[in-house]
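Good morning, and thank you for making time for this presentation. I would ask you to keep the model in view while I speak.

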Amino acid sequence: MTRLLVADDSETVLLMLQRRLEATGYEVSTATDGVQVVEAIESIDGGAAPDVILLDAMMPNLSGVDALKKIRAEGCDIPVLIISAHLDAQEPERMIAIGANGVVPKPFEWDELISRIEELT
């Protein structure tokens, strides 16, 4: 089963994503800020690593962008999809440059999100 770590500061979005992804057959763990993402990655034990991280770009405490930079600097090569409602035309290129494997703007089409996850697994 494909494991996902989904991070979003909106409880509504996080719960919706978790429910739909689990109903689609994914194992989902969640985080509400970048600090939790970094802690989850740093505490990986053996085979418990997520296969893909869905990371909201803008979150409190530590943004998704800063969390991405931190986990990449620590050598984490887990694929990351940035999900964000606040993207300008240059943002996808900037996110890829700092280590994202793709960008999916919110609101996203469900089929597109699933397709992007499947591409990375």
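Strands E1 and E2 run parallel and are joined by five bridges. Within this pairing, Leu5 stands opposite Ser29 of E2. I should state at once that this is a predicted model. Strand E1 is mostly covered, with four of its five residues buried.

From the strands I turn to helix H2, which spans residues 34-42. Which residues of H2 are buried? They are Gly34, Val37, Val38 and Ile41. These residues lie on the same side of H2, because they cover an arc of only 95° around the axis. The general background is that an α-helix has 3.6 residues a turn, so residues three or four places apart point the same way. What do the buried residues of H2 pack against? Their partners are three strands, namely E1 (3-7), E2 (27-31) and E3 (52-56), together with helix H3 (64-73).

The start of H2 brings us to Asp33, a residue of the loop between E2 and H2. There, a side-chain oxygen of Asp33 comes to within 3.0 Å of the backbone nitrogen of Val35. The side chain of Asp33 also makes a polar contact, at 2.7 Å, with the side chain of Asn61. Setting aside residues up to four places away in sequence, Asp33 touches Met59, Pro60, Asn61 and Leu62. Asp33 is buried and yet has no salt bridge. How far away is the nearest side chain of opposite charge? That side chain belongs to Lys70, and the distance is 12 Å.

Let me now move to the charged pairs. As a general point, side chains of opposite charge can pair when their charged atoms come close. The structure holds four salt bridges, and I shall discuss some of them.

One joins the side chains of Asp8 and Lys106, at 2.5 Å from N to O. This pair links distant parts of the chain: Asp8 belongs to the loop between E1 and helix H1 (11-24), whereas Lys106 belongs to the loop between strand E5 (102-105) and helix H5 (110-120), and the two residues are 98 apart. Is Asp8 buried or exposed? Asp8 counts as buried, since its relative accessibility is 1%.

Lys106 also forms a salt bridge with Asp56, where the closest N and O atoms are 3.7 Å apart. Asp56 lies in strand E3 and Lys106 in the loop between E5 and H5, so this pair ties together parts that are 50 residues apart in sequence. Asp56 is likewise buried, with a relative accessible area of 5%. Apart from neighbours within four places in sequence, the contacts of Asp56 are Ala7, Asp8, Asp9, Gly64, Ile83, Ser84 and Lys106. Taken together, Asp8, Asp56 and Lys106 are linked in a network of salt bridges.

Another salt bridge is formed by Lys70 and Glu74, with the closest N and O atoms 3.3 Å apart. Lys70 counts as partly exposed, at 37% relative accessibility. Glu74 is partly exposed as well, with a relative accessible area of 41%.

To close, I would place two buried aspartates side by side. Asp56 shares in a network of salt bridges with Asp8 and Lys106, whereas Asp33 has no salt bridge but does make a polar contact with Asn61. Thank you for your attention.

How values were computed:
Residues numbered from 1 in each chain as written. Predicted model: local features only at pLDDT ≥ 70, side-chain atom pairs only at ≥ 80, totals over all residues. Heavy atoms only, no water. Buried < 20%, exposed > 50% of the residue type's maximum accessible area, 1.4 Å probe, protein only. Arc of directions from axis to C-beta. Contact = heavy atoms within 4.5 Å. Polar contact = N/O pair within 3.5 Å; in protein donor to acceptor, adjacent residues only side chain to side chain. Lys, Arg positive; Asp, Glu negative; His and termini not counted. Pairing = 2+ DSSP bridges.
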